[in-house]
Each structure stands twice: as structure tokens, then as C-alpha cells.
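The following exchange concerns the pockets of a predicted model. Each answer sets a value against the criterion behind it.

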Amino acid sequence: MADAAVFDLVIRGGRVVDPETGHDAVADVGITGDRIAAVGPALAAGRREIDAAGLVVAPGFIDLHAHGQSIPADRMQAFDGVTTALELEVGALPVAAWYDHQQAAGRVLNYGAAAAWLFARKAAMIGLDLNNGLPPIAMMGAGANDMRWSVDAATPAQTETIVDLTRRGLDEGALGIGIPHGYASGAGLKEMSRICALAAAYDRPTYTHIAYMSNIDPRSSVQAYVQLIGLAGATGAHMHICHLNSTSLRDIEEAAGLIRTAQAQGLPVTTEAYPYGTGSTVLSAGFFMESDFAERTGTGYGAIEVVSTGRRFADRDELAAARAEAPESLVLWHFLDTDDPHDTKLLDISVTFPGGAIASDAVPWSNPDGSLYDGEDWPLPADKSSHPRSSGTFTRFLAQWVREREVVPLVEAMAKCSLIPAQIVESCSSAFRRKGRLQPGCDADIVVFDLARVQDRATFEAMHLPAEGMVHVLVNGEAVISGGDLVRDARPGRPIRSDPR
């Protein structure tokens, strides 16, 4: 007897949300292979079917800012609804070798990377070996014994090397240029204009951590935003601003106003935020060593906490000693008090910024000794640490801003989690024109979740707890979460590179 099924899979009777068309109604979704084949009422049979009655069916979330880039990181982000995890703010170098490593290891989620300007700077200025096999997050801590790459302006010869190495990354398929300028604020505008002009010439975005994190002039966050917007106008580069919430500190309102004005003038400036008042970085971050750090940021050294041990610091000297011993250690920086109504308002401004994306800035998972964990234990062991945003960014946003407080309508929320991130990157990779949407012909990266139950669970005391409420998560048509459970051997993630020039 012939197989009467028309589709490989039908997701039946869910609340189907497509943020591009505004569709928000009960419908079926038919999937054939790795693509959505049909969306509509009463579709024909599928070889497999999912009963989605009472559940939301939406495009999988695209995280522009995911530093984890490993199996444990992917798994935790899948429970957060993420189907594509991109390393863009820092990036990778060499780019081709990074993609080769990821493909050989196998990935749960789709992945991609920008070219790492900062690593090119370290290679040009202190001779750092770019082929040392370190993952990008470890490369951030490398070179802490010679900080010229961070505090010095590049010579003309060094600038040429930095540009050439970054260009090589673009030629190898990078999705733009990662510019964590805050970690190398000594880089001058001549170098920055060269790098941004390179991005514009390749028609690829830059993903920028602004140069200064401070609420007082000179070298304030506001100065950094004006500088970044000026680079967009002067070079034509698409300047994507990473984590509006954390880099603005207590000047979020003023920074948001500058971005809105720039956008109203047609400048290619976009942004993102995560729904937490605590950031994360490496202990070697140069801004911690500013002599007036507390005055500039509004927090003391007691707000800095080592992820693996929970240690906090009494003063600059104590942090400097720890930094000399283990510069690559991941730390938390508690810069806003979300129990304070004023600080909650500041966080709201960044999270609800019109046209802004939600992005996690998820960091890798660490062992108790601070080394990176890339094992496959499941459930994730309780002694592994990261940041709650590595597990619960998108579900926290849905639970608090959409369901509980009703600040953001569901269709707009889905745009911030999927469509807007896709649009930010699609100028350089046509693959993203098939993502962030739930339409025939689009990739079958799909989340099916219970809006009444979706919730982050990770805390600073128990970071290893996965979010709940994602009932089914598909990546390229293959289940990575099924019936709320992890599909442990699923590895459907694919590389996403820029289109050839």
C-alpha cells in the first residue's frame, strides 16, 4: 500500500506566529526534509505528527552573541529556544580553521562566526600565535602578560597587518567583523576607520563592544556611542552595537536616544540586549584596572565575582593579583540591581528598544577549577558554571516581558528573538533570509513552546538548570528537544558562512 503521507512532519493545531507577515493564528505547519513546505489549516497527513494544541509555534531563535560554541552550550541554549548560535562580538581567527573544528566536533545548533579583529591585533602587536588551538573565549585572555595590544595605538605597519589578517577572515567566510573595542580601547580612529571601511567594502556588519564603559567624561559610554555612530556615517559600515544594557551602565537612556537619532537619519546602526543586570567577561578585561573604576562605573570591586569560585574582590590590588594568576577566568559583573525600580526601568529601555534584538552574550561552561567544560554529560552536572543568561535569556524575556508584565506583544517578541537577528546578518549571508520566519520555503528551525509555562530556571547559585517550557525544538527539521526532553545524539547543526563575493 502506498504511503499516503504528504509531509515528513506536521505540527498540528498550534498558535502559529510568523513575525515577518504578522500571522498569529491557529494553523498547521507541514515540513518536508529540512524546509517548511506549507502553513495553513487542515493540512494533509504527515509521516509524523506533533499535537501543538495550546502551544506557540514560531521560528527558532537566533542568538547573535553566543560565546559557548560547544555541545553543552548548544544543549542549554536549545532549551532556551535557540536554533542558531553565532559568535559575532569576539569572532574567530583563523576563520576557516574554526569552522573546520566545529564541523568535525558536530553541533546541535546552527553556528557561524565573525572575523576576530582583536585577535588580529594581538598577532600584529605582541606576536600571538593564532594557530594555538585555543577557543575564542580563551584567546580573549591570552596575551595578558603584554597589554600593548590593549592600550597602545597601532603603528602604520601594525595596522596593515591587522587589516590584512581581518580581511583574510572575511575571505574565509566570516559573517562580518567582531570588534570588542572595550578590550582594546587604545586602538585609534585611524585603525578603526580602516577596519570599518573594510567591513563596508565587503558589505558585512561589524559587531561592536563600545570602546568605553563609564558614566563620566572623558572616555564615557556616551563618547563611545557618538564615536561608533560617527564611524557608521564616515565609512558606511553597518555598526551593530552589542549588549546595549551592560555597556551603557547607568546611561542607557541617553545611549538609546543617540541610537534612535542615528537610525532616524538612516545610518546603519542596530543593537541588542539581554534581560539581566549582571554582565560577564574575563578577569583580564582592561577596564577593571582603570584607576577610577568605581567612580566611572558606579560599582565597586565587590560587584565582580569569579564564576568558578564565587570569589569577590575587596579592591583593585586584590583583583590585579588574581588576574596575574588566571587572566582567562570568567567573572560576573553585577552592574544593575533589578530589584530596584529605577534599575528595572533602565533595563527595560534596552530590552524593549524598538527594532532591537534579544541576544544572550552566553559564555562557555566551566569546571570548578575554571577550565572550560566541553563534555556531554546530561543533565549538566551541578558543578558546572557559566552565567544564567547562558541558559535562560530568551525564556526569561518571554516569561517576564511577554507573559507576566505584558510589556511586549508576542508577535513583536518573536521578531526580537528571530526575525530581527536574521535581518541584521542577512546582508552578508542569504541563508538568513530563510531563517527567522515561519513560511513555506524557510528552514525548518522551529520552536514549539508553552507560553503559560515557559521560564528560565538558572540562577547565580544554580547556573546549570535548563529552562522549561520548550516542548519541541527542531533544527533543520530534526528534533533536538522532543516532548520536553533532550534528544541526546542529535547533531543537526550546520555552518553558516557569508556568501562568496
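Q: How much space lies in the second largest pocket?
A: In this predicted model, the second largest pocket holds about 250 Å³. That figure is the space filled by probe spheres set on the grid points of the pocket.

Q: What makes a residue part of the lining of the second largest pocket, and which residues lie nearest its centre?
A: A lining residue has an atom within 4 Å of a point of the pocket. The second largest pocket is lined by 18 residues, and S185, R219, G286, F287 and E290 lie nearest its centre. Two or more lining residues come from each of α5 (148-151) and α11 (293-297). The largest share, three residues, is that of α11.

Q: Why is G286 counted as polar, and how does the lining of the second largest pocket divide?
A: Gly is placed among the polar residues by the classification used, so G286 is counted as polar. The lining of the second largest pocket comprises eight nonpolar, seven polar and three charged residues.

Q: What is the volume of the largest pocket, and which residues lie nearest its centre?
A: The largest pocket has a volume of about 630 Å³. Its lining consists of 30 residues, with H101, Q102, G133, P135 and P136 nearest the centre.

Q: Which helix gives the most to the lining of the largest pocket?
A: Helix α2 gives the most, with five residues. Both α2 (95-105) and α4 (136-141) supply at least two residues of this lining.

Q: Why are P135 and P136 called nonpolar?
A: Pro counts as nonpolar, therefore P135 and P136 fall in that class. The lining of the largest pocket has 18 nonpolar, ten polar and two charged residues.

Technical notes: Residues are numbered from 1 along each chain as its sequence is written. This is a predicted model: local features need pLDDT of at least 70, side-chain atom pairs count only at pLDDT 80 or more; totals for chains, interfaces and linings use all residues. Side-chain values use heavy atoms; hydrogens and water are left out. On a 1 Å grid over the protein atoms alone, a cavity is a set of points where a 1.4 Å probe fits but cannot get out, and a pocket is an open set with protein on both sides within 12 Å along at least five of seven lines; lining residues have an atom within 4 Å of a point. Helices (H or I, at least four residues) and strands (E, at least two) are DSSP runs, numbered from the N terminus.
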